[in-house]
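Biologist: I am new to this structure. Please take me through one part of it closely.

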Amino acid sequence: MIHLEVFTSRRDYVLALGKGVDVTPRCDYMPWLWNAYELLGVTVDQCINDEPIMRYISINKRLRRERSIKALLNLKNELTKTRGELRKKCTDELLCLSNRIYEYSRAINALYRYYLRLNDLSPLEISKLSIALTRYNLPTLGLEVYDELLRSSTPDELKYLTFLSMLNPIVWPTHITVDTKVLPHLNWILAYFDDHYLILIVSLGRAYVVSDLNININGGRSVLSNDYEVRSVSNDHVIARIESRNGHGLLFIGNWSAHAIEFSLDFKPREGSVKGMFLDVNLTQLVPIIIPPRDYLSIKYSV
């Protein structure tokens, strides 16, 4: 069981996702939420069966781990064959869309049809559609559909896992990749799961990630051990201070309110740099410290 909490720049998301949920493996969710389970380190191997979509997911996972060239070629041929089968006959079109099985032109037409029928879809179908829209480069529509899932009476676990899956995390032998398509629309994301943390931000149009895990994105990244960690959550913002044993640390303040927040440091860093959505300065240049509405401050420092 993994405890998961998510904070971001939207108050409605924080109200739904900030309280936290305990995640346990569910085989009925696995076919389209498998990469959220992977990021959380939740084992779902017992869910693998001989259904074409499950075969496709299993082959995909084996491809990321295989090192033998001959075995890789065999797996790629097997993946292509299975994808072809699914394109010809998929018993759950939304499930195949959420796994990006179809070519783009076919997928877009299908996604628009489902979007126009949004009010008729079940929570499970809405979850699949929000992920599929993001996978096919329609993150604005994906978030709009996800809003419907948040307003539904579906179990909280589905809401959390769907949000993580929209980031499309994929675990490789030496690192984890994360997609940042939704990030420009949310400004910042802070997630805690088990003993790990993940911070995604946009600063001056570029994406950055800070985590104790080796996470790669198409942007800047920092890997910082959370040997010392303090967090506090108020009605309008979250504060996370993370520090490693070697004296390097990060102070993150995420604001989800419609007003600016004043903030003062309760410790004296030796040096540091500050990022915000439209900010990139040295710590000594930032007096006073103010976090604009739905913005953040990310302060990397040394003590």
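Modeller: What follows is a close look at an aromatic cluster, then a buried serine. Keep in mind that this is a predicted model.

Tyr-13, Tyr-146 and Phe-163 make up one aromatic cluster. The whole structure holds eight aromatic pairs. One of them joins Tyr-13 and Phe-163 edge-to-face. Their centres lie 6.1 Å apart, with 90 degrees between the planes. This pair links distant parts of the chain. Tyr-13 belongs to helix 1, while Phe-163 belongs to helix 9 (residues 156–165), and 150 residues separate them.

Phe-163 also pairs with Tyr-146. Here the rings are tilted: 5.9 Å centre to centre, 50 degrees between the planes. Tyr-146 sits in helix 8 (residues 139–151) and Phe-163 in helix 9, so this pair ties together parts 17 residues apart in sequence.

Are these three residues buried or exposed? Buried means under 20% relative accessible area. Tyr-13 has 0% relative accessibility, so Tyr-13 counts as buried. Tyr-146 is buried too, because its relative accessible area is 0%. Phe-163, at 2%, is also buried.

Now step back along the chain to Ser-9. This residue lies in the loop between strand 1 (2–8) and helix 1 (11–17). Ser-9 counts as buried because its relative accessibility is 0%. A polar atom of its side chain lies 2.2 Å from the backbone oxygen of Leu-186. Beyond its neighbours within four places in sequence, Ser-9 is in contact with several residues, among them Asn-187, Trp-188, Asn-255 and Arg-294.

Methods
Residues are numbered from 1 along each chain as its sequence is written. This is a predicted model: local features need pLDDT of at least 70, side-chain atom pairs count only at pLDDT 80 or more; totals for chains, interfaces and linings use all residues. Side-chain values use heavy atoms; hydrogens and water are left out. Helices (H or I, at least four residues) and strands (E, at least two) are DSSP runs, numbered from the N terminus. Buried means under 20% relative accessible area, exposed over 50%, partly exposed in between (1.4 Å probe, protein chains only). A polar contact is a pair of N or O atoms within 3.5 Å; within protein, one must be able to donate a hydrogen and the other to accept it, and residues adjacent in sequence count only if both atoms are side-chain atoms. Contact means heavy atoms within 4.5 Å. Rings of Phe, Tyr and Trp (its six-membered ring) pair if their centres lie within 6.5 Å; planes under 30 degrees apart count as stacked, over 60 as edge-to-face and the rest as tilted.
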